[in-house]
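Here are some short exercises to work through with the model open beside you. Try each task before you read its solution.

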Amino acid sequence: MPMNNAFWVGLVCCLVALAIQVFPDAAFRAGVNVSAAWLVFGFGVFLILMAAVLSHTGSGRGSR
């Protein structure tokens with residue numbers, strides 16, 4: 001997965017997890033496990049951090 005896509009997927013995961021925490025009744029009615037929303041948030045943060053690390057380490061490649 002390209003670094004840019006990993007960042008956006010991570011951002012979407014974080015936003016969805018926060019929306020689940022803000023609207024727990026609607027999420028529960030939709031069949032979402034509200035207590036697992038923090039796992040999705042953590043995964044989103046992980047993807048954002050990995051995209052940042054990979055973009056930082058890959059910035060020197062091919063720059064001639």
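A residue is called buried when its relative accessible area is under 20%, exposed when over 50%, and partly exposed in between, using a 1.4 Å probe and protein chains only. Please keep in mind that this is a predicted model, in which local features need pLDDT of at least 70, side-chain atom pairs count only at pLDDT 80 or more, and totals for chains, interfaces and linings use all residues. Residues are numbered from 1 along each chain as its sequence is written, and side-chain values use heavy atoms, with hydrogens and water left out.

**Exercise 1. Get an overview of the fold.**

Task: find how many helices and strands the protein has, and what percentage of its residues count as buried.

Solution.
- Step 1. Helices (H or I, at least four residues) and strands (E, at least two) are DSSP runs, numbered from the N terminus. The protein has 3 helices and 0 strands, which gives the pattern α-α-α along the sequence.
- Step 2. Of its 64 residues, 17% count as buried.
- Step 3. The protein exposes about 4,800 Å², and carbon and sulfur atoms supply 71% of that area. Accessible areas come from the Shrake-Rupley method with a 1.4 Å probe; for residues, only the protein chains shown count as cover.
- Step 4. Contact means heavy atoms within 4.5 Å. Among contacts between residues at least 6 apart in sequence, 59% join residues at least 24 apart.

**Exercise 2. Check helix α3 and its faces.**

Task: compare the expected span of α3 with the distance between its end C-alpha atoms, then say which of its residues are buried.

Solution.
- Step 1. Helix α3 covers residues 37-57. The expected span of a helix is 1.5 Å times one less than its number of residues. For the 21 residues of α3 that should be 30 Å, and the end C-alpha atoms are 30 Å apart, which agrees.
- Step 2. The buried residues of α3 are A37, G44, L47 and A51. Seen down the helix axis, these buried residues fall within an arc of 75°, so they line one face of α3. The arc is that of the directions from the helix axis to the C-beta atoms.
- Step 3. On the other side of α3, L39, L49 and H56 are exposed.

**Exercise 3. Follow the buried face to its partners.**

Task: which residues does G44 contact, leaving aside its neighbours within four places in sequence?

Solution.
- Step 1. G44 is buried, with a relative accessible area of 0%. Its contacts beyond those neighbours are G10, C13 and C14.
- Step 2. Now look from the other end. G10 lies in helix α1 (residues 3-22) and is also buried, at 0% relative accessibility. With the neighbours again set aside, G10 is in contact with G44, L47 and I48.
- Step 3. Add some C-alpha distances. G10 and L47, 37 residues apart along the chain, are separated by 5.0 Å. A51, buried at 7%, has its C-alpha atom 5.9 Å from that of A6, though their positions lie 45 residues apart in the count along the chain.

**Exercise 4. Test the cysteines.**

Task: why do C13 and C14 not form a bond?

Solution.
- Step 1. A disulfide is a covalent bond between the sulfur atoms of two cysteines. Here it is counted as a pair of cysteine sulfur atoms within 2.5 Å.
- Step 2. The sulfur of C13 is 6.9 Å from the closest cysteine sulfur, in C14, and that is too far for a bond. The count is therefore 0 disulfides.
- Step 3. C13 is buried at 16%, and C14 is buried at 8%.

**Exercise 5. Classify an aromatic pair.**

Task: what kind of aromatic pair do W38 and F41 form?

Solution.
- Step 1. Rings of Phe, Tyr and Trp (its six-membered ring) pair if their centres lie within 6.5 Å; planes under 30 degrees apart count as stacked, over 60 as edge-to-face and the rest as tilted. The count comes to 3 aromatic pairs.
- Step 2. W38 and F41 are 5.7 Å apart centre to centre, with 80° between the planes, so the pair is edge-to-face.
- Step 3. Being 3 residues apart in α3, W38 and F41 are separated by about one helical turn. F41 is partly exposed, at 25%.
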